[in-house]
Amino acid sequence: MSTAANQYRAAPAILPAASGIRGVLSDAFWRKPKLLLFLMLLPPVLWLGVVYIGSLFALLLQSFFSIDEYSGLIKREFTLKTYGDLLQAANLDIILRTVTMAAAVTLASIVVAFPIAYYAARYARGRWKALFYLAVMLPLWSSYLVKVYAWKLILAKEGILTWLFSKLNLLWLLDGWLSLPIVGGNSLSVSFTGTFIVFVYVWLPFMILPMQAALERVPGNLIEASSDLGASPRQTFWNVLLPLALPGIVAGSIFTFSLTLGDYIIPQIIGTSRLFIGQAVYSQQGTAGNIPLAAAFAVVPIVIMGLYLWMAKRMGAFDAL
Amino acid sequence: MTSAVSFQKVSRHFGTVRAVDAVDLDIVPGEFFAMLGPSGSGKTTCLRLIAGFEQPTAGSISIFGERAEGVPPYRRNVNTVFQDYALFPHLNILDNVAYGLMVKGVGKAERHKAAEDALALVRLPGYGERRPGQLSGGQRQRVALARALVNQPKVLLLDEPLGALDLKLRENMQEELKSLQKALGITFIFVTHDQGEALSMADRVAVFNDGKIMQVGTPQDIYERPATRFVADFVGSSNVLPPDFVQRYSGQRRWGSLRPEAIRVGKATRGDGVSARLVSANYLGATTRLALDADGLRLHAVVPAGTKLPEEGEALVLTFNRDQLHLMDEPA
């Protein structure tokens with residue numbers, strides 16, 4: 001018998017525990033995996049529970065207080081007066097404007113993101129996939145403010161976009177669009193169209209990535225099976241691809257929708273002087289000092305997102321999860 | 001008569017890989033046809049060429065006399081039962097089965113009726129409301145079959161349909177598929193790497209290797225009269241005999257094959273024959289498979305259960321009837 005085999009024979013059937021506290025801990029965690037899970041989850045749950053949900057709850061509480069109109073002090077008594085103020089026509093305008101913008105941005109993001117995500121999920125391999133991630137993430141590396149100001153220059157009347165339109169002899173198209181009510185304005189940088197373009201640009205990665213992840217999970221043979229059963233590419237898209245990608249689309253739209261609902265910087269830099277929810281919250285809690293109304297405004301996106309998710313669930317968006 | 005499927009010099013190359021290489025093939029309408037071969041032999045690519053998922057790089061394919069090159073899968077009246085079933089996870093069983101009719105614009109009541117009938121055909125009546133995830137592998141397999149058959153295809157393609165099932169279920173499904181095919185009269189083409197499955201189910205078998213067809217014939221042809229060493233070795237694990245050996249017993253210098261069950265194993269003291277030693281014995285239940293060493297040539301013999309087995313290393317004499325020795329076409 002060889003010496004190597006002899007060595008193996010000499011080893012005990014059960015190896016001794018590693019020395020010290022590490023050995024004790026790793027054996028204990030192996031026997032009780034839930035203990036490890038508990039210890040790992042404790043800090044984030046504490047953070048989420050106390051700091052995050054706690055402050056959200058404090059915010060909710062604030063919205064049920066009201067402000068004394070003479071002294072400007074907060075009356076710490078339960079009242080629905082602040083919500084009554086929220087329903088004034090001017091405030092409803094702000095809510096409607098923001099929700100419409102968020103919905104338009106979300107829809108546009110879906111349309112723009114789908115082909116990119118589809119290509120990345122189904123065709124890109126190896127270095128092309130790496131390039132895709134890089135291209136999608138790259139804009140996130142630079143400051144959000146720098147990008148928004150860059151867009152202000154691009155969209156300005158003297159900016160490169162106007163120049164491009166004039167070079168292509170398409171200035172009539174741009175002017176025609178800008179003369180339209182609501183979406184138009186003096187230039188793209190002071191119109192809702194400009195706000196919309198920048199919102200779509202800034203939030204697009206948050207739509208592409210979950211969509212790509214969802215499309216990647218759709219097995220290729222389901223597409224083949226659909227085609228095999230006689231479905232044209234269009235029918236396969238509506239009956240197989242879209243329903244299976246829906247959880248990803250919903251996840252992406254939660255990002256684009258809620259980020260648009262809450263943003264106050266983009267509409268301040270690019271767009272008209274009309275307020276969005278984020279700006280209203282900012283001005284109410286800052287200059288106006290009306291914390292309860294600011295809190296009530298902040299509740300609006302939460303309620304809208306809740307309704308949106310409830311509807312998405314009812315439509316079966318999460319059935320394929 | 002027009003063939004159900006006809007290949008003329010069909011090739012499908014992926015770069016330098018010749019997945020299918022100049023294959024000629026004619027499949028008769030209404031037959032149960034098996035494509036048998038090891039993995040990577042081109043049999044699945046052939047199936048995908050018929051389904052339309054792949055296009056030939058050269059040659060022509062026709063389905064019931066109509067040219068199929070450039071025709072997308074959704075315009076072919078050919079349906080596939082996929083290896084892993086490919087059931088739609090977001091639809092219930094009834095809608096899965098009715099899918100083909102749905103995309104053709106058949107009304108809801110009518111297509112659900114047809115789907116119920118198809119489910120009854122595969123012995124899963126009343127399973128329509130369930131989701132694919134709630135079914136066992138064997139049940140999913142039947143649903144995949146119903147989903148294909150409900151369209152009444154001209155040709156049904158089955159890609160390793162029984163590969164994921166356990167032995168008992170596989171044997172049941174083999175019988176069911178066979179009787180279903182007889183009852184419906186649809187041309188079935190199925191791909192498998194399991195020679196037992198191919199031999200027991202098919203009317204005719206094509207043996208694939210390296211993108212080419214080695215032999216086409218009835219199971220008896222393939223098993224008893226293999227044309228090449230590859231076929232003899234792959235189908236039924238025949239003993240492949242070198243030309244020198246064959247010359248001694250038949251007088252012709254050709255490669256030969258001898259099935260394991262044709263070899264009789266006796267004690268060394270008894271008469272003339274091929275002297276050999278027992279290397280190992282594998283107990284298989286109904287039979288025992290013996291590995292023998294005949295002067296450097298490795299032979300296999302199968303003896304029925306209950307036979308008294310020789311010892312390992314024991315000297316033996318092997319005998320066989322000369323007419324059991326099959327001479328292959330392959331030159332020496």
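This is a short walk through the model, one selection at a time.

Before you click, note that the model is predicted: local features need pLDDT of at least 70, side-chain atom pairs count only at pLDDT 80 or more, and totals for chains, interfaces and linings use all residues. Residues are numbered from 1 along each chain as its sequence is written, with chains lettered from A and ligands numbered from 1 in the order in which they are written.

**Stop 1: chain B as a whole**

Select chain B and show it as a cartoon. You should find nine helices and 18 strands (DSSP runs numbered from the N terminus, H or I of at least four residues for helices and E of at least two for strands). Its C-alpha trace spans about 80 × 45 × 35 Å along the principal axes. Of the 332 residues in this chain, 41% are buried (20 or more other C-beta atoms within 10 Å of the residue's own; 12 or fewer is exposed, in between is partly exposed, and C-beta atoms are placed from the backbone). Take the contacts in chain B between residues at least 6 apart in sequence: 62% of them join residues at least 24 apart. A contact here means that two C-beta atoms, placed from the backbone, lie within 7 Å.

**Stop 2: the five-stranded sheet**

Stay in chain B and pick out the open sheet with the order β13-β17-β14-β15-β16, paired antiparallel; strands pair if DSSP finds at least two bridges between them. Its edges are β13 (264-267) and β16 of chain B, each pairing on one side only. From one strand to the next the twist averages 45 degrees.

Now zoom in on residues 274-283, strand β14(B), which six bridges join to the antiparallel β15(B), residues 287-294. Label Tyr283(B), which stands opposite Thr288(B), then Leu278(B), whose bridge partner is Leu292(B). Three residues lie between the two strands of this hairpin, and Gly285(B) in the turn has a positive phi of about 95 degrees.

Moving on, eight bridges join β15(B) to the antiparallel β16(B), residues 297-304. Here Thr287(B) stands opposite Pro304(B). This hairpin has two residues between its strands, and Asp295(B) takes a positive phi near 55 degrees.

**Stop 3: Arg147(B)**

Is Arg147(B) buried or exposed? Select it in helix α4 of chain B, residues 137-149: Arg147(B) is buried, with 31 other C-beta atoms within 10 Å. Leaving aside residues up to four places away in sequence, Arg147(B) touches Asn96(B), Val97(B), Tyr99(B) and Gly100(B). Try a distance label too: the C-alpha atoms of Arg147(B) and Tyr85(B), 62 residues apart along the chain, are separated by 9.9 Å.

**Stop 4: where the chains meet**

Show both chains. The contact takes 18 residues from chain A and 17 residues from chain B. On the chain A side, α11 (220-228) and α12 (233-262) each give two or more residues, and α11(A) supplies the largest share, six residues.

**Stop 5: a helix pair in chain A**

Finish with α7(A), residues 144-155, and α10(A), residues 192-216, whose axes lie 11 Å apart at an angle of about 140 degrees. Axes are lines fitted to C-alpha atoms, for helices over the stretch in contact, and angles run from 0 to 180 degrees between N-to-C directions. The contact includes Trp151(A) of α7(A) and Tyr201(A) of α10(A).
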